[in-house]
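Biologist: I've got a protein open on my screen and a pile of labels I don't quite trust. Could you walk me through how they were arrived at?

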Amino acid sequence: MLEREFIAFMAKHALWSQGEKLLLGVSGGVDSMTLATLLLRTRVPFVMAHCNFGLRGEESDGDEELVRRWAENNGVRLYVKRFNTAHEAQMAGESIQIAARRLRYEWFERLAEKEECAHVAVAHNRDDTIETFFINLIRGTGLRGLCGIPVKTRSVVRPLMFASRERIERYAGLLKIPYRVDSTNLSDKYLRNRIRHHLIPLFNELSPSFADRMIENMTNLSESRRLLDSFVALEERAFIEDNDVRMLDMDSLSGGIPLDLLLYELLGSSGFSSGICSDMAECYREGKSGRRFFGAESTILLDRGRLIMGDGKIEKGLPHIAVTIVDRARITDLRPPEGVVYADADKLDITTLALRRVENGDRMIPFGMKGSKKLSDIMVDAKLSLDEKRNVCVVTSGDTIVWCVGLRFSDLYKVDDSTRKVAVLSVKKEEE
C-alpha cells in the first residue's frame, strides 16, 4: 500500500520530525492532491498553498476551485494567491516557466515563515526526476545536473519521490481522490513533455526495469557528487585573504582532482563557466601570467600562480545629484527628459538623499510594479556589460532606493494626482 511506503520513505530520509507542520504546495493535479491525501491520512499537520498563475483562463480557475473545495471538505487551511505571470515574466526578462517557479517559491517561503512551517512540501515523483536527468543531459550539465531532483533541498521536501506517476494515479483512482489534468501536460510544445511522451516510453520498451535502473544510476551519481564535494571542500583552504583581496593559491592545490573540474567547482558559483575555468587551468599549466578572465559577476587575474579575485575593475568617479523642487502645476508633461526623473517631493527625505554604487543584495520596487526586484536582475535585463554594471549608481532616500540611474525609477516615489511638489532629480559629472 502506498501509505506504508510513504511513511517508510519519510523515515528513511528524515524529511521532517514528528509534530512539525508543513506547507504543502498544491496545483490541483494528481500528484499534489494525492500528497495532500497521504498527509491527511497519516496525520501530518499541514496547511496548503495554491498558486493561480492565470495562464490557462477558466482551466486555471477550475484548478483553484477544486483545491478550495477539497480544503474545505477536509478542514485544511488553504492560502490562494493569483499572479499576473506573463507581466512578471516580461518585467523580469524571464520565460513564463522560470517566472512562475520564482514567484511560487518566493511566496511559499514567505508563507512558511508566517505559518511557522518547518518545511515546504512539493509533489515531485520518481518519473519527474528521471525526466529532469534527460532534460539536463540534453541541455548540457555537470555531475550535479545528472543527479536528478533531490529529495530534500534546504527547506523543501519531496515526499513522493519514491512513487511512479502510474502508482500515484492508481492510488488516486482507488481512493477517488479528485484532481485536475493540466492540458499543457498533453502538448509536445515543452521539452519535458516530449521526453515524457516519446523518449521514456522507448526506454521502457527496451528495458522493463528502466526506471529502477535510472534511480540506481542517479543514486550512484549522487554519492559521487558527495565525494567530489568533500574533496572540493578540502581544496578551499587554498583561498587566502591579503589586504581585503581574495586569492586562490594554485600552487597549494593538491592535484587530487583534475584542475579544470576543480576550478569550475570552486569558481562556477561566481559566474565563471567551465570553458573559462579550462582556459585558466591551461594558462596556469603553461606558466602564463597576466591573463584576465571575465565571469558574469567578476573578473580574475592570473598572476604568478595565483588567481586574484575581482581584479581589473574599471570604475569611474561618482557623479553628484542635482535636485530642484517645483510646483506640480509647472510640470505639464510627466515624461522627463533623458537623464532626469520626477519624484514626489513630499515622499522624499531630501536631507538624506545620497548617491552610491550598487551593492550586493540591493532591491527596489520598479515603476509600475508592486513587488521588489533585485538590481542585479534589472541590470541583466538591460544587458549591461560587466564594466557597465560596475558603474551603475543608485540614488537613495534613507535606506530606500529611489532611482537606479539610467535604468529604473522607484514606484514608491512616483508623481500622481495627490502630488503637490515635484523633485526634479538628475546626476551630473563633477566637471559639469
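Modeller: Let's start with serine 426, which touches His320, Ile321, Ala322, Gly339, Val340 and Trp403, leaving aside residues up to four places away in sequence. This serine sits in strand S20 (residues 421-428). Bear in mind that the model is a predicted one.

Biologist: What makes serine 426 buried or exposed?

Modeller: Buried means under 20% relative accessible area. Serine 426 has 11%, so it counts as buried.

Biologist: And which label does aspartate 381 get, buried, partly exposed or exposed?

Modeller: The range between the buried limit of 20% and the exposed limit of 50% is called partly exposed. Aspartate 381 has a relative accessible area of 27%, so partly exposed is the label. You'll find aspartate 381 in helix H12 (residues 375-381). Aspartate 381 is also 287 residues from glutamate 94 in sequence, yet their C-alpha atoms are 8.7 Å apart in space.

Biologist: How do you know whether arginine 43 is buried or exposed?

Modeller: Exposed means over 50%. Arginine 43 has 76% relative accessibility, so it is exposed. This arginine belongs to the loop between H2 and S2, and its phi is positive, about 60°, although it is not a glycine.

Biologist: Why point out a positive phi at all?

Modeller: Because most residues other than glycine have a negative phi. Arginine 154 is another non-glycine residue with a positive value, near 50°. Arginine 154 is in the loop between strand S5 (152-153) and strand S6 (156-157). At 83% relative accessibility against a cut-off of 50%, arginine 154 is therefore exposed. Glycine 75, just after H3, has a positive phi too, of about 65°.

Biologist: Since you mention H3, how does its span compare with what is expected?

Modeller: Helix H3 covers residues 58-74, 17 residues in total. From first C-alpha to last, H3 reaches 24 Å, close to the 24 Å expected at 1.5 Å a residue. Its buried residues include Leu66, Val67 and Trp70. Among the elements covering the buried residues of H3 are helix H2 (30-41), strand S2 (46-52) and strand S3 (78-82).

Biologist: What makes H2 and H7 oblique?

Modeller: The angle between H2 and helix H7 (residues 165-174) is about 60°, and their axes are 10 Å apart. Roughly parallel needs an angle under 35 degrees, and roughly perpendicular starts at 65. The pair fits neither class, so oblique is the word for H2 and H7. On the H2 side, the contact is made by Val30, Asp31, Thr34, Leu38 and Arg41. H7 brings Ile168, Glu169, Tyr171 and Ala172. H2 passes H7 in a left-handed crossing.

Biologist: How many of the residues reach a pLDDT of 70 or more?

Modeller: 95% of them do, and the mean pLDDT of the protein is 88. Residues 311-315 are a stretch to treat separately: pLDDT stays under 50 there, and the model has 13 contacts for them beyond four places in sequence.

Biologist: And what does the whole protein look like in numbers?

Modeller: The protein has 432 residues, of which 43% count as buried. Its secondary structure comes to 13 helices and 20 strands. The C-alpha atoms fill a box of roughly 75 × 65 × 40 Å along the principal axes. Among contacts between residues at least 6 apart in sequence, 68% join residues at least 24 apart.

Conventions
Residues are numbered from 1 along each chain as its sequence is written. This is a predicted model: local features need pLDDT of at least 70, side-chain atom pairs count only at pLDDT 80 or more; totals for chains, interfaces and linings use all residues. Side-chain values use heavy atoms; hydrogens and water are left out. Helices (H or I, at least four residues) and strands (E, at least two) are DSSP runs, numbered from the N terminus. The expected span of a helix is 1.5 Å times one less than its number of residues. Buried means under 20% relative accessible area, exposed over 50%, partly exposed in between (1.4 Å probe, protein chains only). Contact means heavy atoms within 4.5 Å. pLDDT is the predictor's confidence in each residue, from 0 to 100. Axes are lines fitted to C-alpha atoms, for helices over the stretch in contact, and angles run from 0 to 180 degrees between N-to-C directions. Angles under 35 degrees count as roughly parallel, over 145 as roughly antiparallel, 65 to 115 as roughly perpendicular and the rest as oblique. A crossing is left-handed if the near helix is turned anticlockwise from the far one by less than a right angle, and right-handed if clockwise.
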